[in-house]
Amino acid sequence: MTASLDDTTLIAVAITVDPDLEVIFFDTGFHFTEILNTVRWAMERYSLNLTVLRPAGDAPDVWAHGSEACCAARKVDPLDAYLSRHADAWLSGLRRADSPERAETPIVSIDRRGLVKVNPIANMTDAEYDTYAAEHDVIVNTLTLDGYASIGCWPCTEPSSDGRAGRWGGSKTECGLHL
Ligand code: SF4
């Protein structure tokens, strides 16, 4: 399972089914301190079975090579390589309410890798998501309290109250993991 770590709602849902579920975190090299704090707190709270994927040392960066090459090297390629060796299926926290581009997100599908992809909270509305988070006292990334509705790497994330509008300065809407 991949998790964005804006909060731990998806983790809280998933570990009720399988406490040992493997959680994948992308250490892109460009995370906010608040994301790393959320990972640390999640490790302590949930005793996560965490796998950290890192890019090659000479991976392209967003300034010299642009966001497509940077996201590919630091997220998409590491996940593709890892899943091809270790998984028949994976979970993500995509929700239809995240953005117009995600409005048709299926609960279960076959992804471009030929793997089963499950989006267990795809049909959760924002209200249902917030209620679940409150009732289960999930860990919340403190940046969400500072106006970041969606949190990625610091070079590509601005505060926004409008879903994923603060990501990549509006130049794109997805990093490529879910295409
Ligand atoms: S979100 Fe930005 S910094 Fe992070 S991997 Fe993508 S382009 Fe690079």
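Start by selecting Tyr129, Tyr132 and Ala133, the buried residues of helix H5 (126-135); buried means under 20% relative accessible area, exposed over 50% and partly exposed in between, with a 1.4 Å probe and protein chains only. Helices (H or I, at least four residues) and strands (E, at least two) are DSSP runs numbered from the N terminus. This is a predicted model, in which local features need pLDDT of at least 70 and side-chain atom pairs count only at pLDDT 80 or more, while totals for chains, interfaces and linings use all residues. Residues are numbered from 1 along each chain as its sequence is written, and side-chain values use heavy atoms, with hydrogens and water left out.

Now look down the axis of H5: its buried residues fall within an arc of 100 degrees, so they line one face of the helix. The arc is that of the directions from the helix axis to the C-beta atoms. Turn to the face away from the buried side and you meet the exposed residues Ala127, Ala134 and Glu135. Helix H1 is among what covers the buried residues of H5, where contact means heavy atoms within 4.5 Å. Just past the end of H5, stop at aspartate 137, which takes a positive phi of about 50 degrees.

**The largest pocket**

Keep H5 on screen, since it gives the largest share of the lining of the largest pocket, 4 residues. On a 1 Å grid over the protein atoms alone, a pocket is an open set of points with protein on both sides within 12 Å along at least five of seven lines, a cavity is a set where a 1.4 Å probe fits but cannot get out, and lining residues have an atom within 4 Å of a point. Grid points are joined across faces, edges and corners, and a volume is the space filled by probe spheres set on the points.

The largest pocket holds about 980 Å³ of space. To find its centre, select Ser4, Asp6, Arg102, Ser150 and Arg164, which lie nearest to it among the 42 lining residues. The elements that give two or more residues to this lining are H1 (9-15), strand S1 (22-26) and H5. Colour the lining by class and you should get 18 nonpolar, 13 polar and 11 charged residues. Here Ala, Val, Leu, Ile, Met, Phe, Trp, Tyr, Cys and Pro count as nonpolar, Asp, Glu, Lys and Arg as charged, and the others, Gly among them, as polar.

Next, pick leucine 5, in the segment before H1. Its phi is near 70 degrees, a positive value in a residue other than glycine. Leucine 5 counts as buried, at 3% relative accessibility.

**Helix H2**

Move on to H2 (residues 33-46), whose 14 residues reach 20 Å from first C-alpha to last. That is close to the expected 20 Å, the expected span being 1.5 Å times one less than the number of residues. Show Ile35, Thr38, Val39, Ala42 and Tyr46, which are buried in H2. Seen down the axis, the buried residues of H2 fall within an arc of 100 degrees, so they line one face of the helix. Their cover includes H1, S1 and strand S2 (49-53). On the face turned away from the buried side, look for the exposed residues Thr33 and Glu44.

Two loop residues are good stops here. Glycine 29 sits in the loop between S1 and H2 and is exposed, at 52% relative accessibility. Serine 47 lies in the loop between H2 and S2; its phi is positive, about 50 degrees, although it is not a glycine. Serine 47 is also exposed, with a relative accessible area of 57%.

**The cavity and the second largest pocket**

The structure holds 1 cavity of 30 Å³ or more, and the largest cavity has a volume of about 120 Å³. Select Cys71, Lys75, Cys153, Cys156 and Trp168, the closest to its centre of the 15 lining residues. Helix H4 (residues 67-86) gives the most to this lining, with 5 residues.

From there, go to the second largest pocket, with about 210 Å³ of space. Leu94, Thr105, Lys117, His178 and Leu179 are the closest to its centre among 16 lining residues. That lining divides into 5 nonpolar, 4 polar and 7 charged residues.

Finish at asparagine 119, in the loop between strand S5 (116-118) and H5. Asparagine 119 is buried, at 2% relative accessibility. Show its neighbours too: asparagine 119 touches Ser92, Leu94, Thr105, Pro106 and Ile107, not counting residues up to four places away in sequence.
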